[in-house]
Amino acid sequence: MDINFMSQSFPKLLSVLPITLYLSFLGIAFGLILAIVITIIREKHIPFLTTFFNFYVSFFRGIPIIVQIYIVYYGLPRLLYSLTQHGAHAKAITLSGFLIGIIAFALNASANLSEAIKSAYHSVDSTQYEAAIATGLSPFTTIKRVIIPQLLPNLIPNFSNIFLDLLKDTALVYNIGIVEIMGKANILASFGFNYLEAYLDALVIYLVVCYLFSNLFRFIEKDVRKKVFS
Amino acid sequence: MNISAIIQVLVEGLPSTIFILITSFLLSTLIGLFILWLTIQDDKIANRLVHIYTAFSRGTPPLLMLLLSYYELPKLLQLIGINANDWNKYIFAIFGLAFGFGGYMGEIFRSGYQSVDQSQFDAAYSVGMQKKQILREIIFPQMFHLSLPNIENMFLGFLKASSLVYVIGIDDMYRKATILANASQGVFQLQIFIVLAVMYWLITILFSYLFSHLHFGKYRV
Amino acid sequence: MTLLNIKNLTKKINDHTILNNINFEINEGDVIAIIGPSGSGKTTFLKNIIQLESSDSGSLTLKDRELNLNSLNSKDKLWLRRQIAMVFQNYALFKNKTALENITEGLIYGRGVDEKTAHTVAIKELQSVNLLEKKDSYPHELSGGQQQRIGIARATALNPEIILFDEPTSALDPELVGTVIDDMKRLADQKQTMVVVTHLMSFAQQVANKVIFFDGGEILASGTPDEIFYNSNNQRINQFLSAVARDQ
């Protein structure tokens, strides 16, 4: 095993870690916003939309992420093209692989997060809402000050899992041309066929990053639990 | 290219997908049960090892699980004198997924085990039962009952991860789709992947339905 | 005749003494009520008798066999548990077994009885607590009172020398307490040796022949119900009793 290669490639892989992180952060952020809207719709039982989003969640949770990436990759340009046909911006829109990646991850995350929010929401005692309303709080204030603080501690572990899964799934976007960790590893390895060494380097980076984030989330969960319940 | 033609090609990869799904899931379950057994021993060193293995499982992208299995395993086996260069690719795929996700499986069984009320143990000891009997008669059945939703989730996770075996050149459903997409010179790619997505989705729904009818007895824990 | 004799039982957790030098004797046919404030070690004491929790030191003599409580092997523990049964505060019925199976489990696996005999005994026990029609029900389908009576049946089926009761009615709705107490009174009438940790002073007064007051991991006083409830000079006991009387 070429240790020299490993020590030389490591910093080069590290240099593209920001790309992995940007993809993950932006993906989860947009996914979260979408998920909140989706969950509200699912909970409110709006005639057509609730059923649609139930299917949406079932769909995006039931197919491999690589397939989702390709559907967005091939589908989004066509969708935008057909929109321009109907009077939207006439300019040709070029989509970078980066943007496609974020959109694919956001859609996937929105489905997973919606399930997570739903389960955290239902884990809060239903009598909390009744009691708050009985005291004279408005529904909005109740949700904001009573329900959400209580669902957060239960949401955080699932959120952490979804985020870390997303981060690990970024390893697939080299397929659509983004040079993140795996992409860089493949490039570096292709010269001397040092695939094993490059992949081991990549593994170390993923392990450390995931370990750090999972500890961070665990700390946040403890902190939020303390703040909410004491 | 019409949909039925697409389906016909993709279905050729289905046996592969299902085979990898079932074997890697079963092997991973065995690994998970082994981890549970280690946890029950209550040994400090064993617990440490389990902790490290679980962190490794949680921190490795599935893609890397497969790639490392393919590139790393032969080298490791060489160290103990086994020549794995001509082994079937499926072995690496199955081992990679099973071992890669084993930490998750162990975690599911561990937490299911710890969710069983301690008083179940107390009551069983109090009637004069011994540990092995207690685990077999009382604890493990309840543990499986509690873990079932998470096991189902993992099973579907294996289905989705199986799509990644393309990186070691196995012709599963996903790879059939990419080959088809390249062959059609980029014209029908979207249709092909949407059909592929729907097929995965239907398989997911089928297995979810099967799981919902799987129950270990009429009791509630 | 002395059935069980415990000497110098001590249990510590991290320098905190939970049980401090407990000496305790049971005669055949005794019904001993243990009363005292929460956290005084009553439950821990019961669990130490059948070693569901370990002890740091002390000796236990049962039926002329003496055991050293900090060097017990699993054979000793098994022997102990086959002479003494326990009824739990939260019933602790096996959740994945029916009412009938809850009783046969201990007989088959704990006592080595064959299935047919176990089945017969279990039916008889269920009949005596009037729950035969529930024999195929699972715990989650039964009320708290029903579960606890099956818990008692599970213990009596084993024909133990002594039955330990850990606050058997604390988790029950008030209207169900009566049926469980009736079962316990019936056992006392049949001369079953019993040790009952309880908050119900009425039970201690009416059914027990000996009352023990536990506080801070120690036995502060022991005597007949009359001695403890009406003639005690101990300030702590009187304090406790008047606080309990206020609630009841």
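**Exercise 1. Find which helices of chain A each supply at least two residues of the lining of the second largest pocket.**

Solution. Start with the elements: in this predicted model, the helices to pick out are α2 (17–44), α5 (97–123), α7 (139–169) and α9 (195–229) of chain A.

Next, look for the main contributor. That's α7(A), which gives the largest share of the lining with 10 residues.

Now for the space itself, which comes to about 650 Å³. A total of 21 residues line this pocket, and the closest to its centre are Ile40(A), Ile117(A), Ile143(A), Ile148(A) and Leu151(A).

Last, sort the lining by class: you should get 17 nonpolar, 1 polar and 3 charged residues.

**Exercise 2. Work out where Lys227(A) and Asp223(A) lie, and how many residues apart they are.**

Solution. Find helix α9 of chain A first, as both residues lie in it. Count along the chain and you'll see they are 4 residues apart, about one turn of the helix.

Then check the side chains. The closest N and O atoms of Lys227(A) and Asp223(A) are 2.9 Å apart. A salt bridge needs such a pair within 4 Å, so this one passes.

To put the pair in context, the structure holds 19 salt bridges over all chains.

**Exercise 3. Describe the contact between chain C and chain B: how many residues does each chain bring?**

Solution. Begin with the head count: chain C brings 26 residues and chain B brings 22.

Move on to area. The two chains bury about 2,200 Å² between them, and carbon and sulfur atoms give 58% of that. On the chain C side, keep an eye on Lys95(C), Asn96(C) and Tyr109(C): together they supply 29% of the area that chain C buries against chain B, more than any other three residues.

**Exercise 4. Name the salt bridge partner of Lys97(C) across the interface with chain B, then sort the side of chain C that touches chain B by element and class.**

Solution. First, the partner: Lys97(C) meets Glu137(B), with 2.8 Å from N to O. The rule finds 2 salt bridges across this interface. For polar contacts, the count between the two chains is 11 residue pairs.

Second, the elements. Those giving two or more residues to this side of chain C are α2 (74–81), β6 (84–87) and α3 (99–111) of chain C. The largest share, 5 residues, comes from α3(C).

Third, the classes: the side of chain C that touches chain B has 13 nonpolar, 5 polar and 8 charged residues.

Definitions and conventions: Residues are numbered from 1 along each chain as its sequence is written. Chains are lettered from A and ligands numbered from 1 in the order in which they are written. This is a predicted model: local features need pLDDT of at least 70, side-chain atom pairs count only at pLDDT 80 or more; totals for chains, interfaces and linings use all residues. Side-chain values use heavy atoms; hydrogens and water are left out. Contact means heavy atoms within 4.5 Å. Buried area is the accessible area (1.4 Å probe) that two parts lose on being put together, summed over both. A salt bridge is a side-chain nitrogen of Lys or Arg within 4 Å of a carboxyl oxygen of Asp or Glu. A polar contact is a pair of N or O atoms within 3.5 Å; within protein, one must be able to donate a hydrogen and the other to accept it, and residues adjacent in sequence count only if both atoms are side-chain atoms. Ala, Val, Leu, Ile, Met, Phe, Trp, Tyr, Cys and Pro count as nonpolar, Asp, Glu, Lys and Arg as charged, and the others, Gly among them, as polar. On a 1 Å grid over the protein atoms alone, a cavity is a set of points where a 1.4 Å probe fits but cannot get out, and a pocket is an open set with protein on both sides within 12 Å along at least five of seven lines; lining residues have an atom within 4 Å of a point. Grid points are joined across faces, edges and corners, and a volume is the space filled by probe spheres set on the points.
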